[in-house]
Amino acid sequence: WIEEGHAFIGMHSASDTFHKFTPYLEMLGGEFETHGAQVPAGLIKMDKDHPATKGLPDPWNIKMEEMYLIKSYDRKKVRDLWALKHHPNDKAKEGHYPVSWVKTAGKGKVFYTSLGHREDVWEHPEYQKHILGGIKWALGLEQGSAEPQEK
């Protein structure tokens, strides 16, 4: 259905489901591995022009959130929207920690954000702007690239 040209929009725990169903994980582009304690997070904007990031601050400072660590993730197959440059619970560990991305699945579009564990995050206007931009992009109502930044 998605590969035929429809949209998939996943929030937070959408990556923590169907762990043994490879087609779902490939469509989504990443899988929940674990998380630590809830922490403040300074998200780095990876695509300044995408509808799911446009008009949001860089860095985007989240007061408190359950930050997922993602596995089965290949930057050559997704377009990063938001990421962390340090492990959310161990700032000494530098790296690429994806938070939100988009990709295509056949003719369909996939938008995913790992944000959204806390009710106050959902109620925040910046989060609502983020997900509304992702939804509009996935439905084809706004333009943005799904081309991976890393080849």
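A residue is taken as buried when its relative accessible area is under 20%. In the predicted model, both Trp101 and Tyr112 meet this criterion.

These two residues form one of the 8 aromatic pairs in the structure. The ring centres of Trp101 and Tyr112 lie 4.8 Å apart and the planes are at 45°, so the pair is classed as tilted. The contact links distant parts of the chain, with Trp101 in strand E7 (residues 90-105) and Tyr112 in strand E8 (residues 108-113), 11 residues apart. Another pair, Trp122 and Tyr127, has ring centres 5.0 Å apart and planes at 70°, so the arrangement is edge-to-face. In this pair Tyr127 is buried, with a relative accessible area of 1%, whereas Trp122 is partly exposed at 34%. A single aromatic cluster is formed by Phe8, Phe18, Phe21 and Tyr24.

The largest nonpolar core comprises 24 residues, and Leu43, Trp60, Met67 and Phe111 have the most contacts inside it. Two or more residues of this core come from each of strand E3 (39-45), strand E4 (60-65), strand E6 (79-87), E7 and helix H3 (125-138). The greatest contribution is that of H3, with 4 residues. Leaving aside residues up to four places away in sequence, Met67 touches Thr34, His35, Gly36, Val39, Ala41, Leu43, Leu84, Pro88, Val99 and Leu115. A second core, separate from the largest, has 16 residues, among them Leu28, Tyr68, Tyr73 and Val110. In soluble globular proteins, nonpolar side chains tend to be buried together.

Charged side chains form 6 salt bridges in the structure. In one of them, Asp58 and Lys48 meet with an N to O distance of 2.8 Å. Asp58 and Lys48 both lie in the loop between E3 and E4, 10 residues apart. Asp58 is partly exposed, its relative accessible area being 37%.

A further salt bridge joins Glu150 to Arg75, with the closest N and O atoms 3.1 Å apart. Here the partners are separated by 75 residues: Glu150 is in the segment after H3, and Arg75 is in the loop between strand E5 (68-71) and E6. Relative accessibility is 35% for Glu150, which is therefore partly exposed; Arg75 is also partly exposed, at 24%. Lys136 and Glu142 form a salt bridge in which the closest N and O atoms are 3.7 Å apart. Lys136 is partly exposed, with a relative accessible area of 29%, and Glu142 is partly exposed at 31%. Through shared partners, salt bridges connect Arg75, Asp80 and Glu150 in one network.

Conventions
Residues numbered from 1 in each chain as written. Predicted model: local features only at pLDDT ≥ 70, side-chain atom pairs only at ≥ 80, totals over all residues. Heavy atoms only, no water. Phe/Tyr/Trp six-rings, centres within 6.5 Å; stacked < 30°, edge-to-face > 60°. Buried < 20%, exposed > 50% of the residue type's maximum accessible area, 1.4 Å probe, protein only. Core = buried A, V, L, I, M, F, W, Y, C linked by side-chain atoms within 4.5 Å. Contact = heavy atoms within 4.5 Å. Salt bridge = Lys/Arg side-chain N within 4 Å of Asp/Glu carboxyl O.
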